[in-house]
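Trainee: I'd like to practise reading a structure with you, one feature at a time. Could you walk me through it?

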Amino acid sequence: LPRPISICEIDKEPGTLRVVYRVAGKGTEEFSRLKTGDCVEILGPLGNGFPLEGENALVVGGGIGIPPMLELTKQLDGTVTAVMGYRNDDLFLADDFIDAANELIVATDDGSVGVRGTVVDAMTENDLNADVIYACGPRPMLKAVIQYAEERNIPNASLYFTVNALVLMAARPFIGKVTDKYGFVKTTIPAIIVTSLSLFLIGQSTKLWHLVAVGVINSFGYGA
């Protein structure tokens with residue numbers, strides 16, 4: 001069954017993609033049983049990538065929002081500080097971020113590693129500032145990152161992508177059930193149309209609220 005999973009890393013030379021996922025339902029459980037040599041149908045990549053901008057960037061990830069931030073961190077020029085939030089000392093991908101970023105700052109819910117608390121607690125404790133913030137993670141984290149950016153006059157905090165990720169994560173369980181009920185074709189064709197429409201509307205957007213609205217539209221198309 002098709003499930004939207006973000007791309008963690010791209011290796012162009014051998015032509016491989018790396019995905020990191022959590023088993024959270026029927027689709028990902030089936031995915032976890034795949035072995036080397038098995039074949040699967042994929043559609044993608046879909047959606048929009050991050051704009052590579054800013055000389056001093058903060059890359060913020062929490063939970064399942066951590067994997068897609070790795071390739072972004074690798075491709076950004078300038079100074080990149082990665083701030084990642086975990087539940088405990090199971091710091092998946094931490095070594096990769098140490099290699100990719102200029103600095104990795106860790107926050108854990110239980111305080112076992114790094115700053116005790118949220119990514120915003122870690123950002124505040126280290127008094128971090130930047131030209132741009134890229135963020136992906138749970139809704140409360142994203143809201144807190146937006147507030148942090150506004151307090152420090154960091155422009156828009158990649159607001160389009162924040163809203164896009166927020167709505168995408170909220171829509172995924174619903175979209176997965178719709179796909180299970182109606183099948184791949186009946187959901188994929190409308191998804192392609194919606195995604196294409198959102199790409200057109202991005203080019204027509206002249207105001208911030210337009211861009212935010214397009215982020216919502218794109219997340220439904222990409223999520224399907």
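Trainee: Let me start with one residue: is Asp99 buried or exposed?

Mentor: Good place to begin, and please keep in mind that this is a predicted model. Burial is read from relative accessible area, where over 50% counts as exposed and under 20% as buried. Asp99 has a relative accessible area of 68%, so it is exposed. Its place is in helix H3.

Trainee: Which distance relates Asp99 to Thr73?

Mentor: Their C-alpha atoms are 9.8 Å apart in space, with their positions 26 residues apart in sequence. A similar reading can be made for Pro68, whose C-alpha is separated by 8.6 Å from that of Val20, 48 residues apart along the chain. Pro68 belongs to helix H2, which covers residues 68-75. Because its relative accessibility is 14%, Pro68 counts as buried.

Trainee: Now the sheet. In what order do its five strands run?

Mentor: The order is S6-S5-S4-S3-S7, in an open sheet with parallel pairing. Strands S6 (115-116) and S7 are at the edges and each has a single partner strand, so one side of each lacks a neighbour in the sheet.

Trainee: How many bridges join S5 and S6?

Mentor: Two bridges, in the parallel sense, with S5 spanning residues 103-108. One residue pair to look for is Ala107 with its bridge partner Val115 in S6. At the other edge, S7 pairs with strand S3 (residues 56-62), also in the parallel sense, over five bridges. There, Leu58 stands opposite Ile133 of S7.

Trainee: How should I read the two faces of a strand?

Mentor: The general idea is that side chains in a regular strand alternate between the two faces of the sheet. Now look at S7, residues 132-136.

Trainee: Which residues of S7 lie on each side?

Mentor: Val132, Tyr134 and Cys136 are on one side, while Ile133 and Ala135 are on the other. Every one of these is buried, and both faces of the strand are covered. Put as a count, five of the five residues in S7 are buried.

Trainee: Let's move on to charges. What should I look for?

Mentor: Side chains of opposite charge can pair when their charged atoms come close. In this model there are six salt bridges.

Trainee: Which side chain meets Arg18 in a salt bridge?

Mentor: That is Glu9, at 2.6 Å from N to O. Arg18 is partly exposed, with a relative accessible area of 31%, whereas Glu9 counts as buried because its relative accessibility is 17%. Glu9 also forms a salt bridge with Lys74, where the closest N and O atoms are 2.9 Å apart. This pair links distant parts of the chain: Lys74 is in helix H2 and Glu9 in strand S1 (residues 9-11), 65 residues apart. Lys74 is partly exposed, at a relative accessible area of 39%.

Trainee: And how far apart are the closest N and O atoms of Arg152 and Glu151?

Mentor: They are 3.5 Å apart, and the two residues form a salt bridge. Arg152 is partly exposed at 22% relative accessibility, while Glu151 is exposed, with a relative accessible area of 53%. When salt bridges share partners, you can trace a network: here Glu9, Arg18, Glu71, Lys74 and Asp96 are joined into one.

Trainee: What about the surface? Which residues form a negative patch?

Mentor: Asp89, Asp90, Asp109 and Asp110 form it. Asp89 sits in the loop between strand S4 (79-86) and helix H3 (94-100). With a relative accessible area of 53%, Asp89 is exposed.

Trainee: Which residues make the nonpolar surface patch?

Mentor: Val19, Tyr21 and Val23 make it, and its area is about 220 Å². You'll find Tyr21 in the loop between strand S2 (16-18) and helix H1 (26-32). Tyr21 has a relative accessible area of 31%, so it is partly exposed.

Technical notes
Residues numbered from 1 in each chain as written. Predicted model: local features only at pLDDT ≥ 70, side-chain atom pairs only at ≥ 80, totals over all residues. Heavy atoms only, no water. Patch = residues over 30% accessible without salt bridge, like charges linked within 9 Å, V, L, I, M, F, W, Y side chains within 5 Å. Areas by Shrake-Rupley, 256 points an atom, 1.4 Å probe, with all protein chains shown as cover. Salt bridge = Lys/Arg side-chain N within 4 Å of Asp/Glu carboxyl O. Lys, Arg positive; Asp, Glu negative; His and termini not counted. Charge placed at Lys NZ, Arg CZ, Asp CG, Glu CD. Helix = DSSP H or I, 4+ residues; strand = E, 2+ residues; numbered from the N terminus. Buried < 20%, exposed > 50% of the residue type's maximum accessible area, 1.4 Å probe, protein only. Pairing = 2+ DSSP bridges.
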